[in-house]
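Grab a pencil and open the viewer. Below are a few short exercises, each with a worked solution to check yourself against.

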Amino acid sequence: MTNNNLQHLHMSKLLNAAFFICLFLISSHQLNAQADDNIMWAAIKLKKNFNTKSSLTLAPIIRLDDDISHYQNSSIDLIFKHKFAKNYYGQILSRVWFIPENKYRKFFFFDVGYSRKISDFKWSSYFRTHYALTIKDDKQADFLRLGSTLSWLKFQKIQPFVFVEPWFRLNKQNKFSRLRYALGLTLKPSKQLGITLALRPQAELNTEPDVRVNHIIATLSYTLP
């Protein structure tokens with residue numbers, strides 16, 4: 001066996017161990033954590049590839065809070081993604097939130113991302129600049145975010161994953177103020193269709209009292225021909 005094959009095998013074993021450790025930590029923490037609310041994020045993503053490097057995605061999202069019994073708000077994402085080098089991409093995401101009582105919010109997310117397949121795993125991460133527009137004197141916070149996902153591709157059409165994303169708040173506060181992590185799976189019935197289901201706890205950091213919510217994620221993705 002060559003040195004490259006040995007290194008590949010060693011990396012695969014490390015990723016297996018990391019995946020199951022993350023699985024255990026997320027599961028055990030969630031069992032012991034008391035959530036203030038359970039909120040569903042239900043989304044449909046429609047994607048159009050222009051070529052092998054560039055795509056545009058439209059994604060309406062509806063959120064239900066109060067233990068998934070009450071309409072909270074909705075939003076529409078418009079996402080342009082471009083692969084500018086092997087394993088690297090840039091992305092611009094525009095999100096408009098529609099909130100009851102005729103209020104709305106506007107965000108821009110600017111991402112640089114990386115992904116790589118190693119044996120039966122895929123590691124992907126992004127660095128996100130989260131910028132909020134001030135609308136009618138409603139100033140929302142700005143953040144720097146780092147999201148990382150480890151997906152297990154062994155079963156191809158069923159892909160479990162773990163995810164973590166710390167948020168660093170700007171606006172002269174300069175502190176970590178939020179943490180998201182998730183345990184979920186993506187179903188791939190066909191090349192064009194995908195279904196993602198996940199539990200994504202969110203914790204507000206450095207606040208009194210602590211605020212913890214669970215996001216139940218359900219996303220239907222379709223790539224247009």
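**Warm-up: how far to trust the model**

Task: find the mean pLDDT of the protein, and which elements have the lowest and the highest mean pLDDT.

Solution. Keep in mind that this is a predicted model. Start with the whole protein: its mean pLDDT is 88, and 85% of its residues reach 70 or more. Then go element by element. Helix H1 (residues 3-32) comes out lowest, with a mean of 57, while S2 is the highest at 98.

**Exercise 1: trace the barrel**

Task: work out the strand order of the closed barrel and say how its end strands, S1 and S11, pair up.

Solution. Step one, the order: 11 strands run S1-S2-S3-S4-S5-S6-S7-S8-S9-S10-S11 in a closed barrel with mixed pairing. The twist from one strand to the next averages 20 degrees.

Step two, an antiparallel pair: S2 (residues 54-65) and S3 (residues 70-85) are joined by 12 bridges. To find your place there, look for Pro60, which sits opposite Ile76 in S3.

Step three, on to S11 (residues 212-223): S1 (residues 37-49) pairs with S11 in the parallel sense over 11 bridges, and Lys45 stands opposite Ser221 in S11. S11 also pairs with S10 (residues 193-204), this time antiparallel and again over 11 bridges. Leu197 has Ala218 in S11 as its bridge partner.

**Exercise 2: salt bridges, buried or exposed?**

Task: how many salt bridges are there, and is Lys139 buried, partly exposed or exposed?

Solution. The count is five; let's take three pairs in turn.

First, Arg95 and Asp77 meet with N and O 2.7 Å apart. Arg95 is in strand S4 (residues 88-99) and Asp77 in strand S3, so 18 residues separate these distant parts of the chain. Both side chains' residues, Arg95 and Asp77, are buried.

Next, Arg145 and Glu165 form a salt bridge at 3.0 Å, N to O. Because Arg145 lies in strand S7 (residues 143-152) and Glu165 in strand S8 (residues 158-169), the pair ties together parts 20 residues apart in sequence. Use the cut-off of under 20% relative accessible area for buried: Arg145 has 5%, so Arg145 is buried, and Glu165 has 1%, so Glu165 is buried too.

Last, Lys139 pairs with Asp142, their closest N and O atoms being 3.4 Å apart. Lys139 has 43% relative accessibility, so Lys139 counts as partly exposed. Asp142 has 10%, so Asp142 counts as buried.

Methods
Residues are numbered from 1 along each chain as its sequence is written. This is a predicted model: local features need pLDDT of at least 70, side-chain atom pairs count only at pLDDT 80 or more; totals for chains, interfaces and linings use all residues. Side-chain values use heavy atoms; hydrogens and water are left out. Two strands pair if DSSP finds at least two bridges between them. Helices (H or I, at least four residues) and strands (E, at least two) are DSSP runs, numbered from the N terminus. Axes are lines fitted to C-alpha atoms, for helices over the stretch in contact, and angles run from 0 to 180 degrees between N-to-C directions. pLDDT is the predictor's confidence in each residue, from 0 to 100. A salt bridge is a side-chain nitrogen of Lys or Arg within 4 Å of a carboxyl oxygen of Asp or Glu. Buried means under 20% relative accessible area, exposed over 50%, partly exposed in between (1.4 Å probe, protein chains only).
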